[in-house]
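Please open the model in your viewer and keep the sequence panel beside it. The tour below moves from the whole chain to individual residues, with a selection to make at each stop.

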Amino acid sequence: MFATVASIALAVPMSLGVAAAANAAPAPAALSASVGSTLIKATLAPTCVRETKTGHSWGFPYAIIKNTCSTTQRVKIIWAAAPDSPCKTLSPGATYRHSTGALGQFDGIKKC
């Protein structure tokens, strides 16, 4: 009986399409997650918006990013182990500095 239950348990995920989803390739330069029935897409910022400096001030990490694009960009700084920055609109040539909690580590820049 145990073998029958185990066979059914292994077959159910396959019938729900879990294997196909696990083998699907992610979209380039985009991250997505499902929250309930809503699909959330977080797109990486264009390469012309880049981090120019990271460091610590009074024990807190900070990052400075610069928009070297020819167009205005709306972006935010992503931190590992700390809250992300709010969305910021950067005109061409503009910089933005954001500091976060003591455990934060710079983890990238995403479009808003």
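Begin with the whole protein chain in a cartoon representation, where two helices and eight strands can be found. This is a predicted model, and the values given along the way are computed from it. If you trace the cartoon along the sequence, the elements follow the pattern α-α-β-β-β-β-β-β-β-β.

Next, switch to a surface representation of the protein chain. Its accessible surface comes to about 7,600 Å², and 62% of that area belongs to carbon and sulfur atoms. Of the 112 residues in the protein chain, 23% are buried. If you then turn to contacts between residues at least 6 apart in sequence, 47% of them join residues at least 24 apart.

**The nonpolar core**

Hide the surface and select Ala45, Val49, Ala63, Ile65, Cys69, Val75, Ile77, Trp79, Ala82, Leu90, Tyr96 and Ile109, which are the twelve residues of the largest nonpolar core. Colouring the selection by strand brings out β4 (60-67) and β5 (73-80), each of which supplies at least two residues of this core. Which strand gives the most to this core? It is β5, with three residues.

Within this selection, centre the view on Ala63 and display its surroundings. Leaving aside neighbours within four places in sequence, Ala63 is in contact with Lys53, Thr54, Ile77, Trp79, Tyr96, Arg97, His98 and Phe106. Two residues of that list, Trp79 and Phe106, come back at a later stop, where they form an aromatic pair.

**The disulfides**

Now select the bonded cysteines, which make two disulfides. Counted along the chain, the bonded cysteines follow the pattern 1-2, 3-4.

Go to Cys48 and Cys69, whose sulfur atoms are 1.8 Å apart in the disulfide that they form. Cys48 lies in the loop between β2 (38-43) and β3 (49-57), while Cys69 lies in the loop between β4 and β5, so this pair ties together parts that are 21 residues apart in sequence. The torsion about the S-S bond of Cys48 and Cys69 is about 85 degrees, and the disulfide is therefore right-handed. Are the two ends buried or partly exposed? Cys48 counts as partly exposed because its relative accessibility is 22%, whereas Cys69, at 6%, counts as buried.

Move on to Cys87 and Cys112, which are joined by a disulfide with an S to S distance of 2.1 Å. Cys87 lies in the loop between β5 and β6 (88-90) and Cys112 in the segment after β8 (105-111), so that parts 25 residues apart in sequence are tied together by the pair. Here the torsion about the S-S bond of Cys87 and Cys112 is about -100 degrees, so the disulfide is left-handed. Cys87 is partly exposed, with a relative accessible area of 33%, and Cys112 is also partly exposed, with a value of 43%.

**Aromatic rings**

Select Trp79 and Phe106 as sticks to see the one aromatic pair that the structure holds. The arrangement of Trp79 and Phe106 is edge-to-face, with 6.3 Å from centre to centre and 85 degrees between the planes. Because Trp79 lies in strand β5 and Phe106 in strand β8, the pair ties together parts that are 27 residues apart in sequence. Trp79 counts as buried at 5% relative accessibility, while Phe106 counts as partly exposed at 28%.

Then add Tyr62 and Arg97 to the display: Arg97 lies over the face of Tyr62, at 4.1 Å from the ring centre.

**Loop residues**

For the last stops, look first at the loop between β3 and β4, where Trp58 lies. Trp58 has a positive phi of about 55 degrees although it is not a glycine, and at 82% relative accessibility Trp58 counts as exposed.

Continue to the loop between β5 and β6, where Ala81 is found. The phi of Ala81 is near 65 degrees, again a positive value in a residue other than glycine, and Ala81 counts as exposed at 63% relative accessibility. Pro83 lies in the loop between β5 and β6 as well, and Pro83 is exposed, with a relative accessible area of 61%. To finish, draw a distance between the C-alpha atoms of Pro83 and Gly104, which are separated by 8.0 Å although the two residues are 21 residues apart along the chain.

Methods
Residues numbered from 1 in each chain as written. Predicted model: local features only at pLDDT ≥ 70, side-chain atom pairs only at ≥ 80, totals over all residues. Heavy atoms only, no water. Helix = DSSP H or I, 4+ residues; strand = E, 2+ residues; numbered from the N terminus. Buried < 20%, exposed > 50% of the residue type's maximum accessible area, 1.4 Å probe, protein only. Contact = heavy atoms within 4.5 Å. Areas by Shrake-Rupley, 256 points an atom, 1.4 Å probe, with all protein chains shown as cover. Core = buried A, V, L, I, M, F, W, Y, C linked by side-chain atoms within 4.5 Å. Disulfide = S-S within 2.5 Å. Phe/Tyr/Trp six-rings, centres within 6.5 Å; stacked < 30°, edge-to-face > 60°. Lys NZ or Arg CZ within 6 Å of the ring centre and 35° of its normal.
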